[in-house]
Structures are given as structure tokens and as C-alpha cells.
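Please look over the sequence and the structure shown here, and keep both at hand while you read the report.

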Amino acid sequence: MAARLRKAGLPYALLIPGLGWLAIFFAIPLLYMLFESLKQGTIDTGFIFNWEFSNYTNALSDFSEQFLRSFEYAGLATLFALIIGYPLAYVIAFRGGRWRNALLLAVIVPFFVTYLIRTLSWETILSDSGFVSDTLRTVGVLSEGGRLLDTTFSVVAGITYNFLPFMILPLYASLERIDPRMLEAGYDLYGRRRDVFLRVTLPLSMPGVVAGTLLTFIPAAGDFINAELLGTPNQYMIGNVIQSRYLEVADYPTAAALSFILMALMLAIVVLWARVAGTEALLGTERERR
Amino acid sequence: MRQGGEGSAEPSVRLDGVTKRFGDFTAVRDLKVDIPRGQFFTMLGPSGCGKTTTLRMVAGFEEPTEGRVLLDGEDVTDRPAFRRSTNTVFQNYALFPHLSVERNVAFGLQRRKVDKAEIRRRVSDELERVGLAAEAKRRPAQLSGGQQQRVALARALVNRPAVLLLDEPLGALDLKLRKQLQVELKRIQREVGITFVYVTHDQEEALTMSDRIAVMNRGAIEQVADPEAVYERPATTFVAGFIGVSNLMPGEVVSANGAATELRLDAGPTVRTAESGGARRGERAHAVVRPEKLVLRPAGDFADDGRASVEGQVESSLYMGTATQMMVRLADGTRMTVLVPNVDVDARRRLPSPGDPARLSWSDENIHIVREAMA
């Protein structure tokens, strides 16, 4: 009896380290930040907690431009990553053959160099006197005074580049799981390539699409490195604002309030997206596994 | 390029010297088969014998390295699967997990742009036929294995293909369900009159369902015949060994002419048969006799009934309810299986025990001479 009770308690006991970790490094700081976001004052006069909800309304009205830009850039980058990543994942999964693992490694290899260094090197690549700009000017794609760096293009391209692997890996995982006989069944039932892709492959890879878009969109919306290094204040995203509020202006309440607003908006978008694209796909695979 | 008019003698499927190689490996070797319209044709053989590869070449999933595939007299060798009038029931069914049962069944008709109302009618008729009308809105994963199998069948049959290809369709089901679906499949095949090409490694399944069986081994067909002929008159040692339990007695052909063939068994006696099985004088060959066609007597009890016989020693005796299975070892070491029906207690008591000498005899029409492989 006692042994059985102990056995029943074991799974919960195993949760303790994880829960503890979450409590100390996630829940407590989050609560602290919530507390911080409702304070009033300046760094010189000190901050007092007095339920200062205007921090939220002010943050939202002062920085709505950066909020919108964050979601716009993150959305564009996610879209581009999907457009670039899907064919790549498809080829690796279905045509990779014995090169599969090598190709997957190639997708991950950029991670071996830190994020910051990679973004800095893009700054060099896209610079006004750089090889790429020069070539594009010579061919006439870029006008004489035209720039690549410090534009919406460079920032969105940077984000796309940096988060592409997060798109490819889940896409690959879901494509790779598709039974090739499923596609043969599609061809057997008079489906042309296009039909089989749209009616069989794409729906079966939806879990990967949902996972990939979320894994790309969420960090992209909070990113500030790309806008900082590849853009100007005209391209600044909400991440840049939070970073400068915290580290430069030392306006902690506003920074904390911005963080919470970002979190809430992101949560809303994610839930909405998962509803639209996810339920069907996720339910489908859920039942399939049974 | 259709030859002849309506109801012509063009076979439904013709494999014309089809060979398939994967690198150095030859999966299928120079197959030549004609399958008439409406026939239940089975390709039977052990795994790796090339039967599934052959089916896939008919479906259009694999391209033959050499040779041609003809459907109703038309060369379809270079046609992709979606332009062939074949449909496939896959091993493990390959149902689309994201579509409901009825949308799975409607898939082929939708691709061919059949009128919506007609699709609805045909899908519901087909689900009715396989007894799944009530499950139309469900997802495949919510169905049992047997129900999934029926959906796969309906999804293929609803298109009224010229040929239905079935790749071990019952392999994943338990024995009882398999038996039930065998009967059902056979009934449906008779009902719709479509040519069925059925792949299996289960000899019993092949024997009960088929109009004709092609026994395959190592990429080649060893024998094509109706089930009775395959069982009663196996053409090669392989067929004899693969279908049912066979007793193979090795020997040498001592004479062969049109009227009779004589084989001197390594175990002593010489057997005579009316057919030659293609064996030539001086060749090594086997005499085949089925366990239930052997008569077992104690060695001394020698009835001079003019039957050929051979002597050996009983090794074991196994009571199996309807019959007793005896193993008898011949002088050359060959082991023979004998099935003695348990007719009455007295007869059973008279059977020799393990260790006793015994005599096996048979009537001439039940013994056949087979060669190692077809020429």
C-alpha cells in the first residue's frame, strides 16, 4: 500500500526540479516585473509602488509605432522564412537521400557562430561600400545613392536570416514523418503533382508550419539586435525601445509595462494563429497517433 | 492503339518481358504474364520475391528497367500513376489522416472533376457496399483496422478502375477478421467484375481467393496456374515447398519419353509418372507427394496392391485432432510428413510407434516429378 502510494507520487516528485526552476527564474521575475511596471517616479527621485496603470496607457500611446513595426517586421520575416524554408525542408526530407544529415547540419551550422557576430557580418556585407551594394549599383538594381543597409529591407532580411533554422527544423520534422505511400495514394487517385502537394503534403505538414511560424514569429517580434545593427531609429522595433528604456534611460516602470504589453499582444496573436491554422492540423495528428 | 473491338481478347494486364533492377540487384526478371479481364489474379511468394515491385510497376510507382506494361492492350509503360486506370489498396491502407472517411473515398472522383452530385451518390453507394455508411464523417484513425481496410477498398473501387491492385491488404489484421474479409473481398470482386491483382505471401489466402496464382521466387515466376493445379501439380521444387507441406524425395531421372518418366529415388525405389514436368534423362529432380496422399503401414504389413512404396523409420507421431501427423525418415535421410486421418480408434492403435519401421505408399496420380526451377 505504502509502496503503491510512493509509486503514485513519483511522477509528481520528478516535476519538482522543473517547477522549482520555473518558479525561481520565470514566475518570480515575472511577478517582480509586474510589480515594477506599476511604480511611479524617476531614477533620481526613486520609484514608489502606487498602482500606476498610466504606465501602460502611456507606453502604448507613445510607442504604438514601434509595436506595429515589430509585428510587421516579424510577420514579414516569418512569411519570408516560410517561403524560403518550406522548399528547403521539402527537398531535404524527400530528396535528401544519403545527404540528409549533412544538409540538416548545414542548416544548423550558423548557430555555431554567435548571433551578434553573424549580424555584425551582415552589416559589413550590406554596407554602402560593400561588394553587394557595389554590384547591385553596377547592374542598376540599386540607384546611385541607394542603400541596402539601414533600411526596412536590411532589418527584415536580417531577422529572416537569423530565425530561418527555427522555421526549417520543425518543417523538416513534420515533412519527414509523412509516409511516402500517402503521396503515392494521392498519385494513384488521379492527383497531379500540384493536387498531391496541396491536398496531401501541405495539410499533413501543417503541424510543422504552425510550429515553425510560431518559433520564428515570437522571438522575431521581440528582437532588437537586427534593428540596432542593420537599421536606424526609423527601423527600431519594440525590443529596441525596451532595451533603451531599461539600460539607457533607466525608466524601469515603462520598460516593464512595455514588456507586459508585448507579452499580452504576442499571446493574443499566437492563440489566434493556433486557432486558425493549428487546431485542424494538431487534432489530425493527435488522432493519427492513437 | 487499341486492337480489336469491344469485348476483344486483349488481356486486362499484360507484362511483356518486364525487368526491374535497383543498382546491381534484380528485383524482377523478365516477367511475361497475361491477366484476362475480371480475373482474381494472385502473385504469391516470400518477401523479397519481387511481387510488390511488380504490382508497383503496374500501378505506375516504379518504372520497369526493361519491358512493357500494357493495360487493355495499351502500352502504359511511360505513363505516370495518375494517368492509369488502376487503383491501389495499399499495405497499411495509406488513408489520408486529415480527411474524413467520405472525403478519402471522394478523393479520386474529385481529382477527375466528376460532377458534385454524382460524387456524393457514388461515395455513399460505395460506403454502403462496404458497410461503413454510418462512419462517413469520421477520421480514419477513429476506425478499427478492419474498417480502415474497407475504407481503403472503397476509396479505390469507387473510381471503377479497370484493374484493382491489392498489396497484402489483409496483412495487418488478425486471423479471424482476415478470414471474414477474404470472403467479403471475393464477393465484392464477383459483384463488380473488376480485374484484381492481389499480392500476398500467405499461401492459404492465395488458394482460397484466386482464380489464378503466379508463384514468384527471386524475381521470377515459377508457376502460373489455378489454385488446384498449383497445389496438386507444383511445377518446381520451390512451388512444392512453398505451397502447403510437401514431401520432396530427391532422385535421378532414368528415363523420360512422351508417355512416362521414371525417377530413381535416392531412397531406393523407382517411381513412374505419366507427365515429365519437363525433366530430362540424367537430370536430378524430385518426386513430390502431399502428406495426406501417403498411406502409412507397418513395414511387415505389405499389401501387394501394385502401388509404389518406400520404406523408412517412424521418427515421431503427433496427435492433431482430426489427423495424426507422422514423421518418417527414409534410407537416404529424407524426412517425410504423413497425415493420417483419425478415422477410428482401432486404425489409430495399429499405427507404428516412433522407432518402428514403416512403409509409405501412394497411387501414381498423386506423385509428380518436379525440377529445381523452370527452364
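The report below goes through the two chains, their surface patches, the strand pairings and some backbone angles.

## The two chains

The structure is a predicted model, and its two chains can be introduced one after the other. Chain A contains 13 helices and two strands, and its C-alpha trace, followed along the principal axes, spans about 80 × 75 × 35 Å. Of the 290 residues in chain A, 41% are buried.

Chain B holds nine helices and 20 strands, and its C-alpha atoms fill a box of roughly 80 × 45 × 40 Å along the principal axes. Of the 375 residues in chain B, 53% are buried.

## Patches on the surface

A nonpolar patch lies on the surface of chain A, where ten side chains are worth finding in the view: Leu105(A), Val109(A), Phe111(A), Phe112(A), Val113(A), Leu116(A), Ile117(A), Leu120(A), Phe166(A) and Leu215(A). Together these residues have about 880 Å² of accessible area. The element that gives the most to the patch is helix 5 of chain A, residues 115-125, which supplies three residues. Leu105(A), another member of the patch, sits in helix 4 of chain A, which covers residues 100-108. Leu105(A) has a relative accessible area of 47%, and because this value falls between 20% and 50%, the residue counts as partly exposed.

A positive patch on the surface draws on both chains, with Arg192(A), Arg194(A) and Arg199(A) from one and Arg83(B), Arg103(B) and Lys113(B) from the other. Within this group, Arg192(A) is placed in the loop of chain A that runs between helix 8 (180-188) and helix 9 (193-204).

## Strand pairing in chain B

Strands of a sheet pair through backbone hydrogen bonds, and the pairing can be either parallel or antiparallel. In chain B, four strands form an open sheet in the order 2-1-4-5, with antiparallel pairing. Strand 2 (25-35) and strand 5 (74-75) of chain B each have a single partner strand and stand at the edges, so one side of each is left without a neighbour in the sheet. Inside this order, strand 1 (residues 13-22) and strand 4 (residues 66-71) of chain B run antiparallel and are joined by five bridges, and Arg14(B) stands opposite Leu70(B), a residue of strand 4.

Another antiparallel pair in chain B is made by strand 17 (residues 323-330) and strand 18 (residues 335-341), which are linked over seven bridges. Here Ala323(B) has Pro341(B), in strand 18, as its bridge partner. The two strands form a hairpin with four residues between them, and in this hairpin Gly333(B) takes a positive phi near 95°.

## Positive phi angles in two loops

Which residue other than glycine has a positive phi near 50°? That residue is Asp72(B), and it is found in the loop between strand 4 and strand 5 of chain B. Asp72(B) has a relative accessibility of 14%, and because this is under 20%, the residue counts as buried.

Glu168(B), which is likewise a residue other than glycine, has a positive phi near 40°. Glu168(B) belongs to the loop of chain B between strand 7 (163-167) and helix 5 (175-192). Is Glu168(B) buried or exposed? With a relative accessible area of 9%, which is under 20%, Glu168(B) is buried.

Methods
Residues are numbered from 1 along each chain as its sequence is written. Chains are lettered from A and ligands numbered from 1 in the order in which they are written. This is a predicted model: local features need pLDDT of at least 70, side-chain atom pairs count only at pLDDT 80 or more; totals for chains, interfaces and linings use all residues. Side-chain values use heavy atoms; hydrogens and water are left out. Patches are made of residues with over 30% relative accessible area and no salt bridge: like charges are joined within 9 Å, nonpolar side chains (Val, Leu, Ile, Met, Phe, Trp, Tyr) within 5 Å. Accessible areas come from the Shrake-Rupley method with a 1.4 Å probe; for residues, only the protein chains shown count as cover. A salt bridge is a side-chain nitrogen of Lys or Arg within 4 Å of a carboxyl oxygen of Asp or Glu. Buried means under 20% relative accessible area, exposed over 50%, partly exposed in between (1.4 Å probe, protein chains only). Lys and Arg count as positive and Asp and Glu as negative; His and the chain ends are not counted. The place of a charge is taken as NZ of Lys, CZ of Arg, CG of Asp or CD of Glu. Two strands pair if DSSP finds at least two bridges between them.
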